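Trainee: I would like to go through this model and check what each label rests on. Please set every value against its cut-off.

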Amino acid sequence: MVPYEEEKMMLCKISKVYELLISSLHSFGSICFFSAMLAFVFIGVVWRYVFNSPLLWCDEVTTSLFACAIFSSMIACWDAGRHIRMDIIYNLFHGKARSIADILDTLAGGFVLSLLAVAFYDGAMTMYVTNEIGENSGVPFWIIKTYLGLIAVLFVVRLISQMITSFGNLLRPKNSHA
């Protein structure tokens, strides 16, 4: 048996489950959250301008849905290369310099997302313990913060994986560098 074959197979299975989860979150966020946002904005406009009775909770719910939709698609956008970065500067790097830039990029992103995850979970725990709900909607926001924290943690895992790849590219001998 090849050394570490079982470990490689297990990592492959975990990777497939992770990819399915990211794809599902992206699809769910794109379809469900944006559809719900559209419905709530429509309801809010109708109530405000037709019935002259604005629904204050509509803005609160729509803002939360927007945050969930954006976070749900963040990792898929990163993987597709559709994220924001300074391409003018980044494209000047080649070979090992690009690998170093990738490592610094993932370190910075991982640091910020780690802080976000901690803040989301800390806020969620506080909101849960104090039974905090939306001011106008009555929605328990700890659920939303927990969801956003989960996405942040999943993104940190993606960045760690990317950093490992970048380190591999950096350590690869020059003649085998792609």
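Trainee: In which helix does A117 lie?

Mentor: A117 belongs to helix α4. Helices are DSSP runs of H or I with at least four residues, strands are runs of E with at least two, and both are numbered from the N terminus. Before we go on: this is a predicted model, in which local features need pLDDT of at least 70 and side-chain atom pairs count only at pLDDT 80 or more, while totals for chains, interfaces and linings use all residues. Residues are numbered from 1 along each chain as its sequence is written, and side-chain values use heavy atoms, with hydrogens and water left out.

Trainee: Why does A117 count as buried?

Mentor: Buried means under 20% relative accessible area, exposed means over 50%, and partly exposed is in between, with a 1.4 Å probe and protein chains only. A117 has 7% relative accessibility, so A117 counts as buried.

Trainee: What does A117 touch, not counting residues up to four places away in sequence?

Mentor: A117 touches G149, A152 and V153; contact means heavy atoms within 4.5 Å.

Trainee: Why does T106 count as buried?

Mentor: T106, which also lies in helix α4, has 1% relative accessibility and therefore counts as buried. Leaving aside neighbours within four places in sequence, T106 is in contact with W78, L159, Q162 and M163. The buried residues of α4 also include I103, L113 and F120.

Trainee: How do you know that the span of α4 agrees with its number of residues?

Mentor: The expected span of a helix is 1.5 Å times one less than its number of residues. For the 34 residues of α4 (residues 96-129) this gives 50 Å, and the end C-alpha atoms are 49 Å apart, so the two agree.

Trainee: What is notable about the phi of N131?

Mentor: N131 has a positive phi of about 55 degrees although it is not a glycine. Most residues other than glycine have a negative phi. N131 follows α4 and is found in the loop between α4 and α5. With a relative accessible area of 61%, N131 is exposed.

Trainee: And what is the phi of N52?

Mentor: The phi of N52 is near 50 degrees, again a positive value in a residue other than glycine. N52 lies in the loop between α1 and α2 (56-79). Its relative accessible area is 68%, so N52 is exposed.

Trainee: What makes the pair E19 and R158 a salt bridge?

Mentor: A salt bridge needs a side-chain nitrogen of Lys or Arg within 4 Å of a carboxyl oxygen of Asp or Glu. The side chains of E19 and R158 meet at 3.0 Å, N to O, and the pair links E19 in helix α1 with R158 in helix α5, 139 residues apart. A search of the whole structure finds one salt bridge.

Trainee: Are E19 and R158 buried or exposed?

Mentor: E19 has 35% relative accessibility and so counts as partly exposed. R158, at 10%, counts as buried.

Trainee: Which residues line the largest pocket?

Mentor: L11, I14, S15, Y18, E19, V157, R158 and S161 line the largest pocket. The elements that give two or more residues to this lining are α1 (5-49) and α5 (141-171), and α1 gives the most, with five residues. On a 1 Å grid over the protein atoms alone, a pocket is an open set of points, where a 1.4 Å probe fits, with protein on both sides within 12 Å along at least five of seven lines; lining residues have an atom within 4 Å of a point.
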